[in-house]
There are 2 protein chains.
Amino acid sequence: MKTAGRQELIAKLREKGLKITSQRLAIIDALLENRLAHPGATLIFNEARKKADRVSLSTVYATLKEFSENGLIRQLEFDRMENRYDGNLSDHVNLVCKRCGRIQDWDLPAPLDAGDIRREAGFVVTDSRIECHGYCRDCVGEPGESV
Amino acid sequence: MKTAGRQELIAKLREKGLKITSQRLAIIDALLENRLAHPGATLIFNEARKKADRVSLSTVYATLKEFSENGLIRQLEFDRMENRYDGNLSDHVNLVCKRCGRIQDWDLPAPLDAGDIRREAGFVVTDSRIECHGYCRDCVGEPGESV
DNA sequence: ATACTAAACTGGAATCATTCCACAATGAGG
DNA sequence: CCTCATTGTGGAATGATTCCAGTTTAGTAT
């Protein structure tokens, strides 16, 4: 799982000419400490608040957007749920549990062949995302349908 | 491309014990006539209005949700765009053009192996979706970055 | 056919994640 | 340590979607 560390992310900010601010550092730390949870903006906002003296929700949104556009993290969109952010930038599958909502990653053994897609559909792929819905190990045996 | 026709969709409604109403028929027709566009709720609402005397936006939303939950169509979620609906229920890739926003389908040669995922990750897949972003044939040569 | 009832429909209000805006604060190069 | 473009702020605006209380209607039973 290729997940960038604190130093790498900071280096990437410098590289892109983006400033290192206390808010951005707090957001980076919040992302790293919750990387397995695929956190959303609200969670990151709450965590970042504990680290930096001043962070606003607007800033969290702007920063996560900035980070996504610059390839530091990946933004995941879901129905009727806030967006979530994934520090794992390698080709992988997001397994989304319908019952508990947890999202786990599964490394893809045979990634999609961008060459095939380009050749056959004339479409140049710059980014891809695979999402599978179903039931995780803990939920698969459980009765009921609650989220 | 496995796309259900009018009769099949109506049959599926009966099968599930859902009523056949003028609104639902209008929505089915709107879906079928725009199947390649992967239409959103607004487009379906406008098209359905031309066919049925009375349809409300609330009904369109409720109906599309109902259809998705009953496996008649598939709901696609995107960032900063309304949801779109896809009548193609087979395993395929949604190719989303970053410039013109068009969504085309690409049939998947080697589908994800649900057996592998279950064995290795303990996760039971009930539904999956693959989204690739990039540039379609018409947009790949174009300059500029407008949407 | 006619009546009945649960399922559908309506439209306007409510929700909620996200974005926008005008102004204030600040990082980093000179 | 000055300067100013970049970043941050918070409150208002947006826009897709859902909710709700009341009305209509499809389909079954009479």
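Start with chain A and select A:Val93: across from it, in strand E4(A), stands A:Trp106. One thing to keep in mind as you click around is that this is a predicted model.

**Stop 1: the strands around E3(A)**

Now widen the selection to the whole of E3(A), residues 92–97 of chain A. Is this strand mostly covered or mostly open? Mostly covered: five of the six residues in E3(A) are buried.

E3(A) has a neighbour on either hand. Show E4(A), residues 103–107, and you'll find it running antiparallel to E3(A), with five bridges joining the two. Next show E5(A), residues 124–135. E3(A) and E5(A) run parallel, again joined by five bridges. To see one spot along that pairing, pick A:Cys97, which stands opposite A:Gly134 in E5(A). If you like to turn on hydrogen bonds at this point, the backbone is the place to look: strands of a sheet pair through backbone hydrogen bonds, either parallel or antiparallel.

**Stop 2: across to chain B**

Keep E5(A) on screen and add strand E5 of chain B, residues 124–135. How many bridges link E5(A) and E5(B), and in which sense do they pair? There are 11 bridges, and the pairing is antiparallel. Select A:Ile130 and you'll see B:Ile130 of E5(B) opposite. Then pick A:Cys132, whose bridge partner in E5(B) is B:Ser128.

Zoom out and colour the strands. They make an open sheet of six, with mixed pairing, in the order E4(A)-E3(A)-E5(A)-E5(B)-E3(B)-E4(B). Look at the two ends: E4(A) and E4(B) are the edge strands, and each has a single partner, so one side of each is left without a neighbour in the sheet. Tilt the view to see the twist, which averages 30 degrees from one strand to the next.

**Stop 3: the contact between the protein chains**

Select the residues of chain A that touch chain B. On each side, 29 residues take part: 29 of chain A are in contact with 29 of chain B. Strands E3, E4 and E5 of chain A, along with helix H5 (114–121), each supply at least two residues to chain A's side. Which element gives the largest share? That's E5(A), with 12 residues. Colour chain A's side by class and you'll get 15 nonpolar, eight polar and six charged residues.

**Stop 4: the two domains of chain A**

Hide chain B for a moment. The domain assignment of chain A gives domain 1 as residues 6–86 and domain 2 as residues 92–134. The centres of these two domains, taken over C-alpha atoms, are separated by 22 Å.

**Stop 5: DNA strand C**

Bring everything back and centre on DNA strand C. Of the 24 residues around it, the nearest are A:Asn83, B:Gln23, B:Arg54, B:Ser56 and B:Thr59. Helix H4 (57–69) of chain A and, from chain B, helices H2 (22–33) and H4 (57–69) each supply at least two residues of the surface near this DNA strand. H4(B) gives the most, with four residues. By class, the surface near strand C has six nonpolar, 11 polar and seven charged residues.

**Stop 6: DNA strand D**

Move over to DNA strand D, which is surrounded by 23 residues. Closest here are A:Gln23, A:Arg54, A:Ser56, A:Thr59 and B:Asn83. The elements giving two or more residues to this surface are H2 and H4 of chain A, together with H4 of chain B. Which helix contributes the largest share here? H4(A) does, with four residues. The residues of the surface near strand D divide into six nonpolar, 10 polar and seven charged.

**Stop 7: two residues in the H3 helices**

Finish with a couple of single picks. Select A:Lys51, in helix H3 (residues 41–51) of chain A. With 16 other C-beta atoms within 10 Å, A:Lys51 is partly exposed. Setting aside neighbours within four places in sequence, A:Lys51 is in contact with A:Ala26, A:Asp29 and A:Ala30. For a distance check, draw a line from A:Lys51 to A:Leu25: the two are 26 residues apart along the chain, and their C-alpha atoms are separated by 8.8 Å.

Last, jump to B:Thr42, in helix H3 (residues 41–51) of chain B. B:Thr42 is exposed, with 11 other C-beta atoms within 10 Å. From B:Thr42 to B:Arg119 is 41 Å, C-alpha to C-alpha, with their positions 77 residues apart in sequence.

Technical notes. Residues are numbered from 1 along each chain as its sequence is written. Chains are lettered from A and ligands numbered from 1 in the order in which they are written. This is a predicted model: local features need pLDDT of at least 70, side-chain atom pairs count only at pLDDT 80 or more; totals for chains, interfaces and linings use all residues. Two residues are in contact if their C-beta atoms, placed from the backbone, lie within 7 Å. Ala, Val, Leu, Ile, Met, Phe, Trp, Tyr, Cys and Pro count as nonpolar, Asp, Glu, Lys and Arg as charged, and the others, Gly among them, as polar. Two strands pair if DSSP finds at least two bridges between them. Axes are lines fitted to C-alpha atoms, for helices over the stretch in contact, and angles run from 0 to 180 degrees between N-to-C directions. A residue is near a molecule or strand if its C-beta atom, placed from the backbone, lies within 6 Å of it. Domain bounds come from an automatic or database domain assignment. A residue is buried if 20 or more other C-beta atoms lie within 10 Å of its own, exposed if 12 or fewer, and partly exposed in between; C-beta atoms are placed from the backbone.
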